[in-house]
Amino acid sequence: MVGLPARGKTYISQKVCRYLTWLSIKTKVFNVGNYRRKLHGANMPHTFFDPHNCIGEQHRREAAAAAMEDMIRWFNEEQGVVAIYDATNSTIARRKWLHESLSKQDIKVLFIESICQDESLIIANIKEVKLSSPDYANVDPEDAAIDFRARIDHYKEQYETITEENYTYIKLINVGSQTIINMIQVYLESRIVYYLMNLHIAPRKIYFSRHGESQFNVQGKIGGDSFLSPRGELYAAKLPGLISDNLGGKPLTVWTSTMNRTIQTAAGLPYPKMQWKALDELDSGLCDGMTYEEIEQKYPEDYANRDEDKFNYRYRGGESYRDVVLRLEPIIMELERHENILIVGHQAILRCIYAYFMNYDQDDLPYLKIPLHTVIEFTPKAYGCEEKRYKVDIEAVDTHRPKPVKAKAVVKPTATGVPNKPKSVPGASGEIVKDPVSILPLKNHKDKEIPNGTAINGTTNGINGSHSHTNGVTPEAAIAGLHLSDPPKARERLIPSTTKV
Ligand code: F6P
C-alpha cells in the first residue's frame, strides 16, 4: 500500500484480502502499525512521526523491517500467495527498499496507492476509524483528532506520490473515481486491479432473499426447477411492500437466477430486473430432484463424503460449493460496482455471497443459515457491513441441515473415476486452503451472531489508464501496496475462470 494516513489503506487491504481469500488464494495483511505498537508501544504522540525525529524514524524503520521479515517468512514457510503490506510507504526510498528486498526473494510487487482529494472524507475517516484505534485509547477525541492531523502533516512533508516508471502500480484517486495503472503484467495483478477499479463507497443497501418456499422445498427435494408453493406465493406477494418500506423511493435493481422459483418470487417487484445464470442454485447433478434420505440410500459414500467436506464435495455430474464460489466471482464484481441491489436467490448461492461479505471460512460457509421467507439487509460501512434480518410472518419449511457432529469420510472414486476432493497445489485457486486467513476481527466464526462484515462497491469504465464514474461516487483515499509472491511458475493460474457462467 502507498498513501498518507487516513486514506483507507487498511480498508482496501482488507477488502482485497477478503476477496482473494474467498477465492481460496492464500492472502494475509501485514499491518506495519501493529508491529510498531507491539515493538514500541501505542499512544505515541505525533512527534514520533516527525521525519526530523531520528529515534522515531529508527523505530518506525524497525517496525517496517519486522513486518517485512514476517511477511517473507510467511511466503516461504507457509506458502502464502498474496501478502498485503499495509503501511504508508510514502517515499521513493521506502518503496525502493521494499521493491529490492522483495525482488531478491522472487516476490512480485504491486503498489496500490490511494489518494484522497476530499477533505470531508478524510475527516470522516479520522472520526470513524482512527480515533478508535489503539493509538488513541483513552485520549479525548478532540485531542486525538488534533494529534492525528499533525501526524498526517509530518507524512505530507515527505510524501512522494508513486511515479516510478519501472514499478507495477495502481493509483486510486478518490476510490471509484479515477484510476491510473502502470506495468500490470500478470493475470493475478490484473484481477486485483479490476477488483479495485470496481470498488466504490457510495452509500447503499444490498438485500438478499431466497425465493419463496417452492413445491420441491415442501417435498424435501433438492434442485429441480419447481414453482412456488402457496405459502411461497404469499411471500412473493409480501416482498414488494417489505422492500419499499425499507428503501423508500430509492432506485433498486433486482437480480434473480434463471429458475422459476426466483423469477416467480421477484415478479411483483416494481424495479428493473436481471436474470443471471450464474445465480442458479448449486447443481446437484445426479441427485437433482431427490430428497436427502434418497441420496443417503442410493449414494451412501457420496452422502458421507459431502458431510465430511461439504465445501469441496462435488455432486456426481454437478457442482461443489467451491465450484459455485468460482462461478459467482463475476457476481461479486458486479455487486461491488452497483448501488442498491436485491438478489432473489437460492440457499447455496446466498451462502457463498454472504460468506464473501461477512468473511466466513470454507468450513462454515456451507452451513450458514439463510432461511426461507427472510430478507437480509446489508448496509456497507467503513469497516464492515451492518446486517439486519426481516422475517416475514409466513410459515415455511426449514431446509437447513446442521453440520454433522462426527462425519466419516468414505473417499471413493465418483462416477467419473475422479475423487471429489481435488488434488491441489497450496495457494492455487481451486486448492484446499486448510487454514484460510481470517483477515478482519469482524466476527467470531464460532458464534453465528450477526457479525460485522464489509462492503463497498464501484462502477468502472475501462481497464487501462484512468476511468471515471458516473454514479456520484463519493471519494475516499487509501494507499495500498500488494506483494505478489511469484516463486512457483503457476502464479498466472491462480484464479481459474468460472466453471459455469
Ligand atoms: O433445499 C433447497 C436447496 O436450495 C437445494 O435445491 C440445494 O441443493 C440445497 O438447498 C443446498 O443446500 P445444501 O448444500 O445444504 O444441501
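This section describes the ligand site, the cysteines and the aromatic pairs of a predicted model.

The ligand is surrounded by 13 residues. Glu281, Tyr292, Arg306, Lys310 and Tyr321 are the closest of them. By class, six residues of this shell are charged, four are polar and three are nonpolar. Short polar approaches to the ligand were computed for several side chains. Glu281 places a polar side-chain atom 2.5 Å from a ligand oxygen atom. For Tyr292, a polar side-chain atom likewise lies 2.5 Å from an oxygen atom of the ligand. Arg306 has a polar side-chain atom at 2.7 Å from a ligand oxygen. On its own, the ligand has 390 Å² of accessible area, and the protein covers 98% of that area.

Cysteines were examined next. The structure contains zero disulfides. In general terms, a disulfide covalently bonds the sulfur atoms of two cysteines. Two cysteines illustrate opposite settings. Cys54 has a relative accessible area of 62%, so this residue is classed as exposed, the cut-off being over 50%. Cys287 has a relative accessible area of 2% and is therefore buried, a class that requires a value under 20%.

Aromatic contacts were then searched across the whole structure, and 16 aromatic pairs were found. One of them joins Trp22 and Tyr356. The ring centres of Trp22 and Tyr356 are 5.5 Å apart, and the ring planes meet at 70°. The pair is edge-to-face because the angle between its planes exceeds the cut-off of 60 degrees. Trp22 belongs to helix H1, which spans residues 9–22. Tyr356 belongs to helix H15, which spans residues 347–358. The pair therefore ties together parts that are 334 residues apart in sequence. Both Trp22 and Tyr356 are buried.

Tyr356 also pairs with Phe357. The centres of these two rings lie 4.9 Å apart, with 75° between the planes, and this pair too is edge-to-face. Phe357 is buried, as is Tyr356. Trp22, Tyr356 and Phe357 are among the members of one aromatic cluster. Phe208, Tyr354, Tyr360 and Phe378 belong to that cluster as well.

Note on methods:
Residues are numbered from 1 along each chain as its sequence is written. This is a predicted model: local features need pLDDT of at least 70, side-chain atom pairs count only at pLDDT 80 or more; totals for chains, interfaces and linings use all residues. Side-chain values use heavy atoms; hydrogens and water are left out. A residue is near a molecule or strand if one of its heavy atoms lies within 4 Å of it. A polar contact is a pair of N or O atoms within 3.5 Å; within protein, one must be able to donate a hydrogen and the other to accept it, and residues adjacent in sequence count only if both atoms are side-chain atoms. Accessible areas come from the Shrake-Rupley method with a 1.4 Å probe; for residues, only the protein chains shown count as cover. Ala, Val, Leu, Ile, Met, Phe, Trp, Tyr, Cys and Pro count as nonpolar, Asp, Glu, Lys and Arg as charged, and the others, Gly among them, as polar. A disulfide is a pair of cysteine sulfur atoms within 2.5 Å. Buried means under 20% relative accessible area, exposed over 50%, partly exposed in between (1.4 Å probe, protein chains only). Rings of Phe, Tyr and Trp (its six-membered ring) pair if their centres lie within 6.5 Å; planes under 30 degrees apart count as stacked, over 60 as edge-to-face and the rest as tilted. Helices (H or I, at least four residues) and strands (E, at least two) are DSSP runs, numbered from the N terminus.
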